Amino acid sequence: MPSEIKFNNFGIPYLVEFADVFALDVSEVLPVDFITHKLTIADDVQFPTRAQQAPLTEAQKGWYYDTLDKMEAAGIIARVPAEFVKCVSPTKIVPKDAGK
């Protein structure tokens, strides 16, 4: 625990100085219109369209779905029809050690 206290004391001045670059909530993340992310992929490349998703616990499902809903409400992600999906990848939720 002393390392956590040391880290928190160390980080506070930086949080104060650069507060304008930290978001406390995903709804504070603003989209930008001056950057476009584009992947150049050959037309003949095949990607998986079904994920081998590991089962989620009830606690993980609650957190995960709530996070997805918040990101959708903030305009960070959007639902798309299944026929638009070109590639999928499974997600992995790694729980933190208790108390950390």
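This is a short talk about the helices, the surface and the charged pairs of one predicted protein model.

Hi everyone, thanks for having me. Please keep in mind throughout that we are looking at a predicted model.

Let's begin with the overall picture. How many helices and strands does the protein chain have? There are two helices and zero strands. Helix α1 covers residues 2-17, and helix α2 covers residues 58-73. If you have the structure open, find those two and use them as your landmarks.

Next, how much of the chain is buried? Of its 100 residues, 5% count as buried. The chain exposes about 9,600 Å², and carbon and sulfur atoms supply 62% of that area. As for contacts between residues at least 6 apart in sequence, 74% of them join residues that are at least 24 apart.

Now let's go to the surface. Which residues form a nonpolar patch there? They are Tyr14, Leu15, Phe18, Val21 and Phe22. Together these five have about 510 Å² of accessible area. Take Leu15 as a stop on the tour: Leu15 sits in helix α1. Its relative accessible area is 45%, so Leu15 is partly exposed.

On to the charged residues. Here is the general idea: side chains of opposite charge can pair when their charged atoms come close. How many salt bridges does this structure hold? It holds three, and we can visit each in turn.

One salt bridge joins the side chains of Glu58 and Lys61, at 3.6 Å from N to O. These two are three residues apart in helix α2, which means about one helical turn separates them. Are the two partners buried or exposed? Glu58 has 61% relative accessibility, so Glu58 counts as exposed. Lys61 is partly exposed, with a relative accessible area of 29%.

Another salt bridge brings together the side chains of Lys70 and Asp66, at 3.4 Å from N to O. Both residues lie in helix α2, four residues apart, and that is about one turn of the helix. Lys70 counts as partly exposed at 41% relative accessibility, and Asp66 is partly exposed too, at 38%.

The remaining pair is Arg79 with Glu72, whose closest N and O atoms are 3.2 Å apart. Arg79 has 65% relative accessibility and therefore counts as exposed. Glu72 is partly exposed, with a relative accessible area of 30%.

Let me finish with two places where the sequence and the fold tell separate stories. Start with Thr67, in helix α2. Thr67 has a relative accessible area of 22%; buried would mean under 20%, so Thr67 is partly exposed. How far is Thr67 from Val26? In sequence they are 41 residues apart, and in space their C-alpha atoms are 8.9 Å apart.

My last stop is Lys86, found in the segment after α2. Lys86 is exposed, with a relative accessible area of 66%. Which residues does Lys86 contact, leaving aside its neighbours within four places in sequence? The answer is Phe47, Pro48 and Thr49. Lys86 and Gln46 make a good pair to look up as well: they are 40 residues apart in sequence and 8.6 Å apart in space, C-alpha to C-alpha.

That's my tour, thank you for listening!

Terms used
Residues numbered from 1 in each chain as written. Predicted model: local features only at pLDDT ≥ 70, side-chain atom pairs only at ≥ 80, totals over all residues. Heavy atoms only, no water. Buried < 20%, exposed > 50% of the residue type's maximum accessible area, 1.4 Å probe, protein only. Contact = heavy atoms within 4.5 Å. Areas by Shrake-Rupley, 256 points an atom, 1.4 Å probe, with all protein chains shown as cover. Patch = residues over 30% accessible without salt bridge, like charges linked within 9 Å, V, L, I, M, F, W, Y side chains within 5 Å. Salt bridge = Lys/Arg side-chain N within 4 Å of Asp/Glu carboxyl O.
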